[in-house]
Amino acid sequence: MVTEPSRTDRRFRVAVLGATGAVGRKMLEVLAERRLAASEVRALASPRSAGSTVAYGDRTLVVAPVSEAAFDGVDVALFSAGSGPSKEWGPIAAAKGALVIDNSSAWRMDADVPLCVPEVNLDAARVRPRGIVANPNCSTIQMLVALGPLHRVARIRRIVVSTYQAISGAGAQAVDHFRAQSRAFAAGDPMPKGAISKQLAGSLLMEWKRDVNVGYQEEELKMIHETRKILCDPEIRVSPTTVRVPVVNGHSESIAIELERPMSATEARAILERAPGVRVVDDFASGVYPTPLDADGEDDVLVGRIREDLGHPGGLLLWVVGDNLRKGAATNAVQIAEGLLSH
Ligand SMILES: NC(=O)c1ccc[n+]([C@@H]2O[C@H](COP(=O)([O-])OP(=O)(O)OC[C@H]3O[C@@H](n4cnc5c(N)ncnc54)[C@H](OP(=O)(O)O)[C@@H]3O)[C@@H](O)[C@H]2O)c1
């Protein structure tokens with residue numbers, strides 16, 4: 001099921017930078033499904049893929065190389081080309097009057113750039129000194145769609161989270177390499193070389209950029225700092241371990257929380273059943289819990305295994321699964337645009 005589109009009256013010119021990538025293609029798919037009425041969509045990437053084509057609904061768009069002129073007259077610029085291109089082209093697109101929504105980590109911690117999960121803090125994105133809104137990291141987005149409503153009721157003081165992240169989070173080339181690894185693994189052949197630095201087929205990896213000074217992967221530090229910024233709570237304690245698993249799409253998270261007062265599983269379930277962007281998939285007696293395959297293609301974040309923490313009375317444990325390319329990137333960006341432009 002795809003989230004009900006919001007209504008906007010105007011038609012907008014939209015540019016997607018990074019249109020040939022895993023997130024960019026998903027952005028075009030999400031844009032075509034929803035009612036952010038686009039009068040024109042421009043597919044932009046590097047000169048490498050200029051002239052190639054990408055799908056936009058039942059239409060085909062020819063990819064243009066990014067340039068200053070490519071942002072002329074653009075109302076909404078959705079960026080998913082990595083931090084370098086975001087730093088370079090974000091201010092240019094914003095100066096030309098586009099609402100820039102950036103998926104990279106380039107601007108997330110900039111004090112003049114709001115970091116937004118629409119279900120949690122859309123209002124923060126209404127003040128944009130640089131004309132740019134940052135989309136959080138995929139793991140942070142799905143975690144906060146689930147935890148935001150609980151935090152509003154009884155302030156979360158600590159989060160311990162372990163992630164089980166799909167390879168699509170590492171981009172289109174990594175997915176191709178993982179599929180080649182999986183075929184070789186099944187056939188007992190030597191592992192092919194490619195975008196993933198080690199063997200993921202039949203294993204688990206922790207291959208994000210490392211900050212050796214603190215002993216954390218960059219992905220873990222993002223979850224800490226982005227959570228504090230989005231919840232406007234510099235004191236919330238976040239203890240993450242991020243892990244890549246041999247799954248093509250859909251991130252999963254095992255989460256333990258401590259709140260400022262005890263919360264029962266019944267109360268948490270009732271809050272989550274009413275929460276926007278959340279679907280509770282939780283019938284333990286019948287063996288019902290969300291999997292990455294259940295989340296694939298969905299915009300909702302799926303929450304299951306809601307239970308009281310026997311190791312920390314008053315705390316809660318949850319299992320949170322989301323489509324990292326949709327809600328973790330493309331859908332979240334399009335929802336920000338819809339939320340801001342529908343006003
Ligand atoms: N995958 C996820 O789940 C996810 C989730 C949240 C955020 N993100 C972020 O989104 C961004 C894109 O991720 P991805 O997974 O879609 O990567 P990807 O599959 O590798 O795609 C990268 C895209 O960026 C374009 N590009 C690269 N260098 C460029 C340049 N110098 N100028 C213009 N375009 C350039 C590529 O175009 P060419 O075809 O021309 O090379 C391609 O379209 C990253 O910042 C990533 O951290 C990803």
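Let's start with a cysteine. Cys-116 has 0% relative accessibility, so Cys-116 counts as buried. Keep in mind that this is a predicted model.

Does Cys-116 have a bonded partner, and which cysteine sulfur is nearest? Cys-116 is in no disulfide. The nearest cysteine sulfur belongs to Cys-232, and that sulfur is 11 Å away. Now take Cys-138. Cys-138 is in no disulfide either. Here the nearest cysteine sulfur is that of Cys-116, at 16 Å. Cys-138 is at 13% relative accessibility, so this residue also counts as buried. For the structure as a whole, the number of disulfides is zero.

Next, the strands. Please find strand β2, residues 38-45. Is β2 mostly covered or mostly open? Mostly covered: of its eight residues, six are buried. Two pairings involve β2. With strand β1, residues 12-17, the sense is parallel and there are six bridges. Look for Arg-13 there; in β2, Glu-40 stands opposite. With strand β5, residues 64-65, β2 also runs parallel, and two bridges join them. One pair to find is Leu-44 with its bridge partner in β5, Ala-64. A general point while we look at strands: in a regular strand, side chains alternate between the two faces of the sheet.

Now to charges. Side chains of opposite charge can pair when their charged atoms come close. How many salt bridges does the structure hold? The count is 21. I'll show three.

First on my list, Arg-326 and Glu-33. Their closest N and O atoms are 2.6 Å apart. This pair links distant parts of the chain. Arg-326 sits in helix α9, residues 326-341, and Glu-33 sits in helix α1, residues 22-33. In sequence they are 293 residues apart. Arg-326 has a relative accessible area of 1%, so Arg-326 is buried. Glu-33 has 36%, so Glu-33 is partly exposed.

Next, Asp-233 and Arg-157. Their closest N and O atoms are 2.9 Å apart. This pair also links distant parts of the chain, 76 residues apart. Asp-233 is in the loop between α6 and β12, while Arg-157 is in strand β9, residues 156-164. Are these two buried or exposed? Asp-233 is at 6% relative accessibility, so Asp-233 counts as buried. Arg-157 has a relative accessible area of 16%, so Arg-157 is buried too.

Then Lys-198 and Glu-207. Here the closest N and O atoms are 3.2 Å apart. Lys-198 has a relative accessible area of 47%, so Lys-198 is partly exposed. Glu-207 has 32%, so Glu-207 is partly exposed as well.

Some salt bridges share partners. That sharing joins Lys-26, Glu-29, Glu-33, Arg-34, Asp-299, Arg-326 and Glu-338 into one network. You have already met Arg-326 and Glu-33 as a pair.

Last, a charged residue on its own. Arg-244 lies in the loop between β12 (237-241) and β13 (251-259). Arg-244 is buried, yet has no salt bridge. Which side chain of opposite charge is nearest to Arg-244? That is Glu-219, 6.1 Å away. A salt bridge needs the nitrogen within 4 Å of the carboxyl oxygen.

What does the side chain of Arg-244 meet instead? One of its polar atoms lies 2.8 Å from the backbone oxygen of Ala-166. Beyond its neighbours within four places in sequence, Arg-244 has further contacts, including Gln-165, Ile-167, Leu-204, Trp-208 and His-251. Rotate to that loop, and we can take questions.

Conventions
Residues are numbered from 1 along each chain as its sequence is written. This is a predicted model: local features need pLDDT of at least 70, side-chain atom pairs count only at pLDDT 80 or more; totals for chains, interfaces and linings use all residues. Side-chain values use heavy atoms; hydrogens and water are left out. Buried means under 20% relative accessible area, exposed over 50%, partly exposed in between (1.4 Å probe, protein chains only). Helices (H or I, at least four residues) and strands (E, at least two) are DSSP runs, numbered from the N terminus. Two strands pair if DSSP finds at least two bridges between them. Lys and Arg count as positive and Asp and Glu as negative; His and the chain ends are not counted. A polar contact is a pair of N or O atoms within 3.5 Å; within protein, one must be able to donate a hydrogen and the other to accept it, and residues adjacent in sequence count only if both atoms are side-chain atoms. Contact means heavy atoms within 4.5 Å. A disulfide is a pair of cysteine sulfur atoms within 2.5 Å.
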